[in-house]
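I opened my notebook to record what I looked up in this structure. The entries follow in the order I made them.

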Amino acid sequence: MPTRGRRRHVDTSSHFCPNPDCAYRGWVGWGNLRANGHPNGGPWRQLLCIACRRYFLESLGTLFHGKCAAVDLIVRVIACLAEGLGIRGTARVFEVDPNTVLQWLVEAAEQLRAFSQHVLHDVRVRQVQLDELFALLSAVKDGAVSEAEAIERLERSPQWVWVAMDPESKLVLAIDVGARTLAMAQRVVHHVAQVLAPDCAPLFLTDGFKEYLTALLTHYGQWVQPPRRLATGSMPKPRWVPLPQLLYAQVVKTVRRRRLVRVQHRVVCGTLEAVQQVLAACGWQINTAFIERLNLSLRQHVAAVGRRVTTLCKGEAGLRQELTLYQVYYNFCLPHTSLRLLLPQPVPTHGTGSAKQWRPCTPAMAAGLTDHVWTLREMLQFRVPPWPQPAGV
Ligand SMILES: [Zn+2]
């Protein structure tokens, strides 16, 4: 830290030097950066690395770098997409070309995916619920397409949205789109296993889809050498068995006329007592556990999954990006009513309204990954370091 001259008060601690030849490259919080003014009156500050004497803009590596469009406009377009307005709708509202909106969406999703990876790792959870949502069903319900048409489309390109979430913190661990196959189940479980801490083995709850067991055993299994039955002779072949700490239960719901008729459960790995013990910590029973699930408003927030079949059929181009955007927006920006905390002391508001009593809490805050509600602008401006840093955000 420089000791000469006027005290520096622009915080550069979340930035890093991008110069590949610099000893400080990619590391944050070393005090090697000095903030300058805004060159040519532009919106972004110039930063100077005092180790290698290189200048760069604070927007380097983000969606805003090298864009002529106003920052406000880009943020609002992305916010509109995150709130579930489709690409075309957003383009009409802001009088922007749809291709521009798609381009911004693709760039934002790429950046937010990196942001999510930067923050979402070594997560510790007690439960994971895995679920697939059929992406065409709501369209059938709305009468936009006939059921026969939907089934025909399903045959051609079945679209399922796969979601893995922690029902306690409501954190969405993984979200993906694809067919209802073993390969997809494995991909989703692999993604979840990457996000969780290496020694974290939560209770897995799924519906009755049988391929989950294979997918879970791929990650949470081990080779065991069975003992030799006779004193002589060859050793029996080693067997792949579930890890002793793996808990897996299936909850099969029967829905008739949109009403829940019956809930059946099946403990696949582990014991019923162990499963009930994990659920009891949240005051749940195995029968009610899956009703506490996914009330996440995915259908409202992802246009392609929700109302518009045409959006979906136009191709997967935007869908995967919309899902990434939704996952990050939901985890970091949207406070969840059931997670809010009572403030020790009510905070008076500036107006005549009643005092504020609750502290808003997002899933990422509930999971202990961050300490505040992020705004979309904050996330889009965040320069994601190229490698993991010792301290989190
Ligand atoms: Zn440098």
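**Entry 1. The chain as a whole**

I began with contacts between residues at least 6 apart in sequence: 60% of them join residues at least 24 apart. The model is predicted, so I note that here once. I looked up the elements next and found 14 helices and 13 strands in the chain. Then I checked burial. Of the 393 residues in the chain, 42% are buried. The chain exposes about 21,700 Å². Carbon and sulfur atoms supply 53% of that area.

**Entry 2. The second largest pocket**

How much space lies in the second largest pocket? I read off about 590 Å³. The lining takes in 28 residues, and those closest to the pocket centre are R113, Q117, H191, T324 and Q327. I had wondered where empty space shows up at all. Rolling a probe the size of a water molecule over the atoms shows where it is left.

Which elements each supply at least two residues of this lining? I listed helices α3 (98-119), α6 (182-195) and α12 (317-333), along with strand β6 (172-178). Helix α3 gives the most, with eight residues. I also sorted the lining by class. It has 14 nonpolar residues, nine polar ones and five charged ones.

**Entry 3. S116 and Q327**

I stayed with helix α3, where S116 has its place. Is S116 buried or exposed? Its relative accessibility is 9%, so S116 counts as buried, the cut-off being under 20%. I then compared sequence with space. S116 and Q327 are 211 residues apart in sequence. Their C-alpha atoms are 8.8 Å apart. Q327 is one of the residues closest to the centre of the second largest pocket.

**Entry 4. The loop after α3**

Moving along the chain, I reached the loop between α3 and β4 (127-134), where I found V123. V123 has 2% relative accessibility and counts as buried. What does V123 touch, leaving aside residues up to four places away in sequence? I wrote down L171, L173, V195, L196, A197, C200 and L369. I also took one distance. The C-alpha atoms of V123 and V192 are separated by 9.7 Å, with their positions 69 residues apart along the chain.

D122 has its place in the loop between α3 and β4 too. D122 is partly exposed, at 46% relative accessibility. Its phi caught my eye. Most residues other than glycine have a negative phi. Phi of D122 is near 50°, a positive value.

**Entry 5. A second positive phi**

I looked up K170 for its backbone as well. Where is K170? Its place is in the loop between β5 (160-165) and β6. Phi of K170 is near 65°, again positive in a residue other than glycine. K170 counts as buried, at 8% relative accessibility.

**Entry 6. V77 in helix α1**

I went back towards the start of the chain and picked V77, in helix α1 (residues 71-82). V77 is buried, and its relative accessible area is 0%. Which residues does V77 touch, not counting those up to four places away in sequence? They are T90, F94, V101 and W104. I checked F94 further. F94 lies 17 residues from V77 along the chain, and their C-alpha atoms are separated by 7.4 Å.

**Entry 7. The two sides of helix α8**

My last stop was helix α8 (residues 272-280). Its buried residues are V275, V278 and L279. Why do they line one face of the helix? Seen down the axis of α8, these residues fall within an arc of 95°, so they share a face. The spacing has a general background. An α-helix has 3.6 residues a turn, so residues three or four places apart point the same way. I then looked at the face of α8 turned away from the buried side. That face carries the exposed residues E273 and Q277.

Technical notes
Residues are numbered from 1 along each chain as its sequence is written. This is a predicted model: local features need pLDDT of at least 70, side-chain atom pairs count only at pLDDT 80 or more; totals for chains, interfaces and linings use all residues. Side-chain values use heavy atoms; hydrogens and water are left out. On a 1 Å grid over the protein atoms alone, a cavity is a set of points where a 1.4 Å probe fits but cannot get out, and a pocket is an open set with protein on both sides within 12 Å along at least five of seven lines; lining residues have an atom within 4 Å of a point. Grid points are joined across faces, edges and corners, and a volume is the space filled by probe spheres set on the points. Helices (H or I, at least four residues) and strands (E, at least two) are DSSP runs, numbered from the N terminus. Ala, Val, Leu, Ile, Met, Phe, Trp, Tyr, Cys and Pro count as nonpolar, Asp, Glu, Lys and Arg as charged, and the others, Gly among them, as polar. Buried means under 20% relative accessible area, exposed over 50%, partly exposed in between (1.4 Å probe, protein chains only). Contact means heavy atoms within 4.5 Å. Accessible areas come from the Shrake-Rupley method with a 1.4 Å probe; for residues, only the protein chains shown count as cover. The arc is that of the directions from the helix axis to the C-beta atoms.
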